[in-house]
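Visitor: Could you take me slowly through one part of this structure, the enclosed space inside it and what surrounds that space? I am new to it, so please connect the pieces as you go.

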Amino acid sequence: MNTLSILFYISMAAWFLSEFLYKNMLKSGKEDQKNKDKSTLNILWLAIPFSIATSIIISTYTHFPMVNGSWILYLGELFILIGIIVRYVIIRSLGKYFTVDVTIRQDHQIKKEGFYKFLRHPSYAFSLLTSLGLGLYLNNWLSLLFAFVPPFLAFAYRIKIEEQALVEKFGDEYIEYRKITKKLIPFIY
């Protein structure tokens, strides 16, 4: 087993462990408005492990390479690491306002600085970058499809639910914020 493979397995373990810890440590409190989630957390916890397992299994049993050469493995691993690390930084920057379930806190504020100056959902964007990195690392078109599409669809649903809750809470302030930012990809989407 080479160094890149070892790094890949370590990053996969770190990804799973970090998401597991977020799920168990960053839930809403008793005083929060928790009825907003509409099962988005459960959907994410089905979609993401399904996509990881399926993409790895597909890459093991099929051969649909995207490119020849090992550079794509390095690019994929780079995306995985950037996704994990920057998502952690974003979650830390939100502090008490980050919860794994769609929740509005009593003193909730719209964050508009840092990554939030350009993206409304940077934590989801970097989670998706990790999924994209997995697909690239596996260097298989079908694996890329299964690594990225299920989480993207789950996050798209969650964004819809979350933004409904934010418009309900903040009204015109959030609507104006939506006009000057993108959901997941700066300047594009």
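Guide: Sorted by class, the residues around the largest cavity are three nonpolar, four polar and two charged, in what is, as should be said at once, a predicted model. The residues in question are Trp15, Ser18, Glu19, Tyr22, Gly83, Ile84, Arg87, Ser127 and Thr130, and the elements that each give two or more residues to this lining are H1, H3 and H4. Of these, H1 provides the largest share, with four residues. The space that they surround amounts to about 40 Å³, and the structure holds one cavity of 30 Å³ or more.

One residue of that lining, Arg87, deserves a closer look. Arginine 87 belongs to helix H3, which covers residues 71-94. Its relative accessible area is 8%, and because the cut-off for a buried residue is under 20%, arginine 87 counts as buried. Leaving aside residues up to four places away in sequence, arginine 87 touches Glu19, Tyr22, Ile82, Phe98, Ser123, Tyr124, Phe126 and Ser127. Among these contacts, Glu19, Tyr22 and Ser127 also appear in the lining of the largest cavity.

From the cavity one can turn to the pockets, which are open. The largest pocket holds about 670 Å³ of space, and it is lined by 40 residues, of which Phe98, Thr99, Tyr124, Arg158 and Glu162 are the closest to its centre. Phe98 and Tyr124 have already been named as contacts of arginine 87. At least two lining residues come from each of helix H1 (3-25), helix H2 (40-61), H3, helix H4 (122-138), helix H5 (141-170) and helix H6 (172-179), and by class the lining of this pocket has 25 nonpolar, seven polar and eight charged residues.

The second largest pocket contains about 250 Å³ of space; 13 residues line it, and those closest to its centre are Ala125, Leu128, Leu129, Leu184 and Ile185. Two or more residues of this lining come from each of H4 and H5, with H4 giving the most, namely five residues. In this second largest pocket the lining consists of 13 nonpolar residues, with no polar and no charged ones, whereas the lining of the largest cavity, where this account began, includes four polar and two charged residues.

Technical notes: Residues numbered from 1 in each chain as written. Predicted model: local features only at pLDDT ≥ 70, side-chain atom pairs only at ≥ 80, totals over all residues. Heavy atoms only, no water. Buried < 20%, exposed > 50% of the residue type's maximum accessible area, 1.4 Å probe, protein only. Contact = heavy atoms within 4.5 Å. 1 Å grid on protein atoms, 1.4 Å probe; cavity = no way out; pocket = protein on both sides within 12 Å on 5 of 7 lines; lining within 4 Å. Points joined across faces, edges and corners; volume = space filled by probe spheres on them. Nonpolar A, V, L, I, M, F, W, Y, C, P; charged D, E, K, R; others polar.
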